[in-house]
Amino acid sequence: MRFSYFPGCTDRSSSMEYGLSTEEVFKALGVELVEVEDWNCCGAAATHSLNRLLSLCLPARIISKALLSGLSSLVVPCAGCFSNLKRTEYVLRNEQRDRRVIEEIVGFRYDPSLEILALLDVVVNRVGLERVYERVRRTLKGLKVACYYGCALVRHPKVTRFDDPENPQSMDRLMRVLGAQPVEWSYKVDCCGADLAMTYGSIVRQMVGRIVFMAREAGAQAIVTSCGLCQMNLEMRQELGLPVFYFTELMGVAFDIGQRERWWGKHLISPRPLLESLGLG
Amino acid sequence: MKGDKGSVLVMGAGIAGMQAALLLGEMGRRVFLLDQAPAIGGYFPLLDRTFPTNSCGVCFMSPTPPAFCPIYESRLHENIELFPYCEVKEVEGEGGDFRVRVFQKPRFVDPERCTFCGACMEVCPVEVEREFGGGLEKRKAIYLPFPQAIPHGLVIDSKSCIRCGECVRVCGPGAIDLEMKAKEEVLQVGAIVLGFGFEPFWAQRKGEYGFGRYRNVMTSIQFERLLSTSSPTGGYPIRPSDGRRIERLAFIQCVGSRDPSSGQPHCSTICCMYATKQAMMAKDRASDLRVSVFYMDIRPMGKDYERYYERAKREYGIEYIRSAVSSVKELQQSKDLLITYVKEDGTFEEKQFDAVVLSVGFTPPQGIKELAHRLGVRLNLQGFCETGEFYPAETSVNGVFVGGAFRGPRDIPETVVEGSSVAAMVASFLSSVPSRREREYPVEGALGEEIPRIGVFICDQGEELRKNLLMEELVERVRGLREVVYVGELKRVSLHEDLNSIKVKIGEQGLNRVVVAGGSSKEIRKRVEEMARGMGFNPYLIEFANIREQCALVHSGFPREATEKAFTLIRMAVERARRIQPLRRGSHGIERKGLVVGGGVAGMTASLRLAEQGYEVFLVEREKELGGNARNAFYTIRGENPQPFLEDLIYKIKSHSLIHLFLGAEVLGCERKDGHYRTRIGTSEGEEAVDHGVVIVATGGREIRPKEYLYGEDPRVMTQREFERAIHVRDEGLGDLRSVVMIQCVGSRDEEHPYCSRICCAHAVKNALRLKEWKPEVRVYVLYRDVRTYGFYETYYHEARAKGVIFIRYELEEKPKVIREEGRLWVSVVDPVLMGRVHLLADRLVLSTGIEPNDHRSLAQVFGLELNSDGFFKEANPKSAPLDGLERGKFFCGLCHSPNFMEDSISQGNAVAARAAAILSKERVEEKPYRAYVISRLCCGCGLCVTVCPYGARVLNEEGKAEVIDALCEGCGSCVVACRNAASQQQNFEKGLNLVVLDSAID
């Protein structure tokens, strides 16, 4: 099983532990990720509010590079990148005029046979939970987690075409397979404030505060995310000290992957005490 | 093949369908009433209370006829044949001669054998959500649709049944047959009525409200069920998650309404009212409950609805929050719900609740699209049935008619009106008049004086009764009662056989009084009486004792006490039977002609429909010309021109040979005699008296003359209607128009006129759109209190906003101010969105004036009709008889009923014609059996009984004594209660008799 892989800027910087854990978990699962050559930034959360065409061309260039790999699926770990790429894909598929302009600027021919998938989608629906289960070496028994999907992964449903936009279940199912207990809660798709963290910290503090408070109210010991920006916001702007994982990190724990100490060092809230208390250190 | 070209197929046995079927049946038509559900009634049986009276909805059991339970009536009507659990497979032919292939789904349970012991339901391993009540409760694969289901029979739902056979094994009488096959039948009919009704919006589609995910979020259908006195909680509002009492309750309005993103751009019309009703009911049940209603615009625009809403706010303290709800979140420890909403000024707030009710809107029934397509019936964009604006009961297919919610969301009164309207259209379409079958009965023997010989028949009813009553003991004790010469048990194999055995025993034993003890007499009374009449036995010598519902079922588990009570009930019935006298019902002929007062659209429509059915009509109009208000209407919101329609209608009226026109005429007086009316009509040529059997009043209303906002002082200030004319004729005065301000609710919803005039919002939108079409650059501002563009009018409101019409809300306490300054008109208003005062330049100020009724006081007196406090005619029952006066044969329609669109007036005109024709179609009208009478020697002539009689059936004669007009007496008993000398008595309910019966209960 091989996938074309676009790590995105954060996987090499602020969310390095996401990138590292992803690569090692996939290695353990025997799935090959082929990094897109010469990739660029997807435009993140800023470009689309400044220049629509630019916000489409940046992801289009990534798509053009992915097409060169000859693989049929492109995997994106970060929810922000995923959203940008999916939005561009939607335009390329449905708006003929825009498509011609974008192709002209980027200098490629779009091929709709390339599918763009979120990393979570690939783990749950392509690799499959059975294969994940087979690889589990120690179950995450006793760990209560709040699965946090954020807003970009499942919305707009017409564009992302992944899971239920109000009450997604993929990550919850994955956590159950790992032996953890996902809690019921109502804030799994609420916005974390995204890059307002840089400009309006007080707003983000309020939004994150609510999400983390509700995760704890629901009985969770930790939050699980699938996005570099969400994870950073949730860790950085909260006051309750609730650890925030990437789902790949918890897979790593369950798979008993050795290098995970390196990941924990990247966290602002150390998950070590929690993991140790459950005998998962 | 059943039926003929004069028969009618009614598809959908909800309120509209039942109403149409009942009226057509009354007119003597043979009707096939079909429904896909295993029980008839549609959503009707779900309602415990109905607005705006909060009276019992399950059967409209109000004390005054013409209250009725349409479900029972449909079941019992001799001209109506029910086809429950049926689907239409194929329709061939054309208007006037259809062949319809009907497919009857198998029920798998034989109703003749089933004794309702319930053993099958206990063992059935399959549990699914009960459809009745929106899935609030569970049911088994074998089930009774709901407690009062008619037909009353169990059914196995083949979709969820796993065919384990457990039910067959435990069924004592062998009533279950899993091999039962579907039946097919072909019906011949001349016309088809579509009464498919609606389906509630699927609330899961609005994921942000969490229905199906959060347990304490319910749909309004579920909450209606929860509040019903027959619900598992007895109507007490509790939380589904933990059964705790609800203290803080929220309603979220417009779930699946006014929401183009869910394909539901229309307003569902009734949700504001039903939410208000449910909120009031919930508070009635639990007074410390706090209720908040989250809404966009509040829309109680039906007759007397505004007052209801005001009452909910003032008396019940229900909090209405104008807002948009952005999310509902569940708290995990308490399972409480957090509602986040944005207020008008743009700020967010959050509130916590124990439970949330989603006021779900109407969608068209999903299953009928294909059938509609096969029939060729055109549907609108939302999937409801499309009709012409001036032909509200006609579909795009000749001979196929439509009424009720299948045409769009509407409330019960409107649905009853449309069900009636469709009946009139069908009757007009099927021109051949059906022949009435008059049944001949043998002459009854002279009874009354001889010694009573009483036979008591106790219905066994199988397990159910035996379980809770000591049958042998009961029979023995009844045998010992005085003058009981025979006690028999009815095995309840079938009603037909049971009736036969009663008949045989009456002959064998020489019985002259009969007591039937068993289940509710409702379903069998008519058949028993019919059997008695058929053998020359006076039917009023049969008494019923209910030992099932009122005894065995309510006291289950206490067989000893229940048996004692059953015996007492039977003893009371026997005591009555010993004393009652045979009653003879008189009858009186009917003058089969109609009088219509008012020659507007409603009156003309009613006249034409009656004439088309072959009845002579006297049409009286005060003006020299026909047409009324419609003469000043130039275009409708849908873009049609009413004038050609009006001309055509006037032409038809003038050229119809059965319509006698009195123009420039007045009604001078009306007297009654035995159900005949003689009305004196004054014209310029003198006076004329006409005899008729029904009266239809359609005397209309008018635009209120505004007394404020410089109306009449400045020529630039005008009413919507004047503005409509100016736009229509492209008035040159509007040449350099730049800005128009419209003010809504001028003369509506205020102290002087405390009701909503219903049409003004759509009227403003209509004129704004027309103006924008003509002069797109003109700025239009609409100052409103709530925008009430209900139903499909909502799409035009949406369009107006899209085209740049600006809507600004104002409060009654802070009305807009109009200022004239240096020759210019300014309107100043506080904008709640901008949170400040804005000044709008008005080249024209258009006032959306309300509608008030014409002065009907003298006419009401002449015809003995009542007016409500707003001056509109008052109906006998706002739900079941919305166009009927209390007295039989008196009707009203159009603007004198309530403010309405022309489309509704046409429906009402049709509807009264049908209701009137149901009376006129009979040669004679039978009097009621249990009439009142006066013991003349005890009467002191005080006249109290005359005052209280709601039917005008009482007069004081020349000697100053009270007298009953038999033809008008409905047997309500009001006069008996009012009379202080016990001079007023009711046949077979005489005071002495009642006391003896009561004595026997406590002896």
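1. Two strands are taken to pair if DSSP finds at least two bridges between them. By that criterion strand 14 (residues 191–194) of chain B and strand 24 of chain B are paired, in the parallel sense and over three bridges. Within this pairing, Val193(B) has Phe401(B) of strand 24 of chain B as its bridge partner. The model is a predicted one, and the points below should be read with that in mind.

2. The pair just described belongs to an open sheet of five strands in chain B, whose order is 6-3-2-14-24 and whose pairing is parallel. Strand 6 (80–83) and strand 24 (400–402) of chain B stand at the edges of this sheet, and because each has a single partner strand, one side of each is left without a neighbour in the sheet. From one strand to the next, the twist averages 20°. Helix 1 (residues 15–26) of chain B lies across four strands, namely strand 2 (8–11), strand 3 (31–34), strand 6 and strand 14 of chain B, and it runs at about 165° to strand 3 of chain B.

3. Another open sheet in chain B has seven strands, in the order 16-22-17-18-19-20-21, and here the pairing is mixed. Its edges are formed by strand 16 (217–219) and strand 21 (348–353) of chain B, each of which has a single partner strand, so that one side of each is left without a neighbour in the sheet. The twist in this sheet averages 40° from one strand to the next. As for the edge at strand 21 of chain B, six bridges join this strand to strand 20 (residues 337–343) of chain B, and the two run antiparallel. Tyr341(B) stands opposite Glu349(B), a residue of strand 21 of chain B.

4. How far apart are the axes of helix 9 and helix 22 of chain B, and at what angle do the helices pack? Helix 9 (residues 412–429) of chain B and helix 22 (residues 902–920) of chain B have axes 7 Å apart and pack at an angle of about 70°, and these two helices are therefore roughly perpendicular to each other. The residues that helix 9 of chain B brings to the contact include Ser420(B), Ala423(B), Ala424(B) and Ala427(B), while those from helix 22 of chain B include Asn910(B), Ala911(B), Ala914(B) and Ala917(B). By class, the contact of helix 9 of chain B with helix 22 of chain B has nine nonpolar, five polar and two charged residues.

5. Helix 19 (residues 760–774) of chain B and helix 20 (residues 793–802) of chain B pack at an angle of about 45°, with their axes 10 Å apart, and are therefore oblique to each other. The crossing of helix 19 of chain B and helix 20 of chain B is left-handed. Ala762(B), Val765(B), Ala768(B) and Leu769(B) of helix 19 of chain B meet Tyr793(B), Tyr796(B), Tyr797(B), Glu799(B) and Ala800(B) of helix 20 of chain B. The class count for the contact of helix 19 of chain B with helix 20 of chain B is eight nonpolar, no polar and one charged residues.

6. Chain A has 14 helices and eight strands in its secondary structure. Its radius of gyration is 18 Å, close to the 19 Å that the globule rule gives for 281 residues, so chain A is as compact as a globular protein of that length. The C-alpha trace of chain A spans about 55 × 45 × 30 Å along its principal axes.

7. Within chain A, the axes of helix 3 (residues 52–68) and helix 5 (residues 96–106) come within 10 Å and cross at roughly 70°, and helix 3 of chain A and helix 5 of chain A are therefore roughly perpendicular to each other. Helix 3 of chain A passes helix 5 of chain A in a right-handed crossing. Among the residues that make the contact are Leu56(A), Ala60(A) and Arg61(A) of helix 3 of chain A and Asp98(A), Ile102(A) and Ile105(A) of helix 5 of chain A.

8. The contact between the chains takes 12 residues from chain A and eight residues from chain B. By class, the side of chain A that touches chain B has five nonpolar, three polar and four charged residues.

9. Some backbone details of chain B deserve a careful look. Most residues other than glycine have a negative phi, and most peptide bonds are trans. A cis peptide bond, with omega about -5°, joins Phe51(B) and Pro52(B), and Pro52(B) is placed in the loop between strand 4 (49–50) and strand 5 (55–56) of chain B. Ile150(B) and Pro151(B) are also joined by a cis peptide bond, with omega about -5°. Arg758(B), in the loop between strand 39 (739–746) and helix 19 of chain B, has a positive phi, near 70°.

Definitions and conventions. Residues are numbered from 1 along each chain as its sequence is written. Chains are lettered from A and ligands numbered from 1 in the order in which they are written. This is a predicted model: local features need pLDDT of at least 70, side-chain atom pairs count only at pLDDT 80 or more; totals for chains, interfaces and linings use all residues. Axes are lines fitted to C-alpha atoms, for helices over the stretch in contact, and angles run from 0 to 180 degrees between N-to-C directions. Two residues are in contact if their C-beta atoms, placed from the backbone, lie within 7 Å. Ala, Val, Leu, Ile, Met, Phe, Trp, Tyr, Cys and Pro count as nonpolar, Asp, Glu, Lys and Arg as charged, and the others, Gly among them, as polar. Angles under 35 degrees count as roughly parallel, over 145 as roughly antiparallel, 65 to 115 as roughly perpendicular and the rest as oblique. A crossing is left-handed if the near helix is turned anticlockwise from the far one by less than a right angle, and right-handed if clockwise. The radius of gyration is taken over C-alpha atoms; the globule rule is 2.2 Å times the number of residues to the power 0.38.
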